[in-house]
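User: Please take me through this protein model with some questions and answers. I am new to reading structures.

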Amino acid sequence: MARKKITIKDIAESANVSKSTVSRVLNNNTPVNEEKRLAVLEAMERLNYKPNVVARSLAGGNSMTIGVLTQNIGSPFYDKVTQGVIQGLSDTDYSPIFADGRWDPEIETSAIKTLIDRNVDGLIMVGGNLPGSDLDSLRDSKPMVIVARRLPGWDNKCISVDNVAAAKDATEYLINSGHRKIAHIMGIPEHQDARDRYMGYQAALRDSGIALDEDLVVKGNFSSQSGVLAIESLLMKGVSFTGVFAGNDEMAFGARLAMYRRGIRVPEDVSIVGYDDQPNSAFMTPPLTTVAQPAEPMGEAAAQALLAFMRNQEFVPPRLDTELIVRESVHRIR
């Protein structure tokens, strides 16, 4: 037999209070006499009442949902960030709703509109390629936090790492291993992280007295295929190099594949350093030296920051450091 739906009236009769008292206890928005509040809670438990979260949230003007716009669902790095977001919301009544921007500004704009139309209470933007000016126009519509990306003017609403310093460390590791002709596979040129990592690469060369050779810089798009194409481009142009700093691990994987197809040994002929420390990095042949980002802590901090902003509270972003993970993809030139 179908189970009878428990109503506020049933709870009120069981607790011997008014329906308005039950409503105030459920919404928790008006003080209630402690004796009556306990009577309502005991009646709810006795009747096995399960409150309709959606109805309660809409009644209070909130959806109790957080919109999360990520990039390339299935990417290990972005998955780690979103796991951190989930962890950051785990002890709250909020649930995340995910959308995929796919590094396309038009798709990102459409996804943001969809999330806002669903009346999410706040937005977490993970990465992305939408211009900062477009995001500036949205910041007054919903509380918003940017994670894994740094934008001018967003200050404590950006949760990121120092990409310039991390890329400089990665390039310096190649330089300190004896390499002077170091190629750089850049991510999406319009993306701030890609530009920052390129700046770190340039800074390492400059500090070591190595002139920047633009022929050694190839633009990619953070995908493995762009890593393949970057190496093919360098080889077709006849550019000589002994080291490669890739703007992320995906492009490093593609670069490794292109070298394998050309019979170029890694690291004996060419050394490779990546960025992100994806789980597969340790199982590349040879295991990839790369920069580890604290992806999950970044996502968790983003969730905590957004919750604070939604409560009109201050939030001081934690310091999140990268770490160069040294494996076997770099050969020391003697």
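The questions below deal with sheets, cores, unusual backbone geometry and a surface patch in this predicted model.

User: In what order do the strands of the 5-stranded open sheet lie?

Analyst: The sheet is open and has 5 strands, with parallel pairing. Its edge strands are S2 (95-100) and S5 (158-159), each of which pairs on one side only. From one edge to the other, the order is S2-S1-S3-S4-S5.

User: Which residue in S2 is the bridge partner of Thr 70?

Analyst: Strand S1 covers residues 65-70 and pairs with S2 in the parallel sense. The two strands share 6 bridges. In S2, the partner of Thr 70 is Asp 100.

User: Do S10 and S11 pair in the parallel or the antiparallel sense?

Analyst: Strand S10 (residues 289-292) is joined to strand S9 (residues 271-276) by 4 bridges, and those two run parallel. There, Asp 276 stands opposite Ala 292. S10 also pairs with strand S11 (residues 323-325), over 3 bridges, and Val 291 has Leu 324 as its bridge partner in S11. The sense of the pairing between S10 and S11 is antiparallel.

User: Which helix gives the largest share of the largest nonpolar core?

Analyst: The largest nonpolar core has 74 residues. Those with the most contacts inside it are Ile 124, Ile 159, Ile 231, Phe 241 and Met 259. The largest share of this core, 10 residues, comes from residues 295-310, which is helix H12.

User: Which alanines does Ile 124 contact, leaving aside neighbours within four places in sequence?

Analyst: Ile 124 is among the residues with the most contacts inside the largest core. With those close neighbours in sequence left aside, its contacts include Ile 66, Val 68, Leu 69, Val 85 and Leu 306. The alanines in contact with Ile 124 are Ala 302 and Ala 303.

User: How many residues does the second core have?

Analyst: This core is separate from the largest one. Among its members are Ala 99, Met 125, Met 144 and Trp 154. The number of residues in the second core is 16.

User: What is omega for the cis peptide bond between Thr 285 and Pro 286?

Analyst: One cis peptide bond runs from Val 266 to Pro 267, with omega near 10°, and Pro 267 is in the loop between helix H11 (249-261) and S9. Another cis bond joins Thr 285 and Pro 286, where Pro 286 is in the loop between S9 and S10. For the bond between Thr 285 and Pro 286, omega is about -5°.

User: Is Phe 222 buried or exposed?

Analyst: Phe 222 has a positive phi near 75° although it is not a glycine, and it is in the loop between strand S7 (217-219) and helix H10 (224-236). Its relative accessible area is 10%. Buried means under 20%, so Phe 222 is buried.

User: Why does Asn 48 count as partly exposed?

Analyst: Asn 48, which is not a glycine, has a positive phi of about 55°. Its place is in the loop between helix H3 (34-46) and helix H4 (53-59). Partly exposed covers values between 20% and 50%. Asn 48 counts as partly exposed because its relative accessibility is 38%.

User: What accessible area do Ile 73, Ile 86 and Phe 98 have together?

Analyst: Ile 86 is in helix H5 (residues 76-89). Ile 86 is partly exposed, because its relative accessible area is 34%. With Ile 73 and Phe 98, Ile 86 forms a nonpolar patch on the surface, and their accessible area together is about 250 Å².

How values were computed:
Residues are numbered from 1 along each chain as its sequence is written. This is a predicted model: local features need pLDDT of at least 70, side-chain atom pairs count only at pLDDT 80 or more; totals for chains, interfaces and linings use all residues. Side-chain values use heavy atoms; hydrogens and water are left out. Patches are made of residues with over 30% relative accessible area and no salt bridge: like charges are joined within 9 Å, nonpolar side chains (Val, Leu, Ile, Met, Phe, Trp, Tyr) within 5 Å. Accessible areas come from the Shrake-Rupley method with a 1.4 Å probe; for residues, only the protein chains shown count as cover. A salt bridge is a side-chain nitrogen of Lys or Arg within 4 Å of a carboxyl oxygen of Asp or Glu. Buried means under 20% relative accessible area, exposed over 50%, partly exposed in between (1.4 Å probe, protein chains only). Two strands pair if DSSP finds at least two bridges between them. A nonpolar core is a set of buried Ala, Val, Leu, Ile, Met, Phe, Trp, Tyr and Cys residues joined through side-chain atoms within 4.5 Å. Contact means heavy atoms within 4.5 Å.
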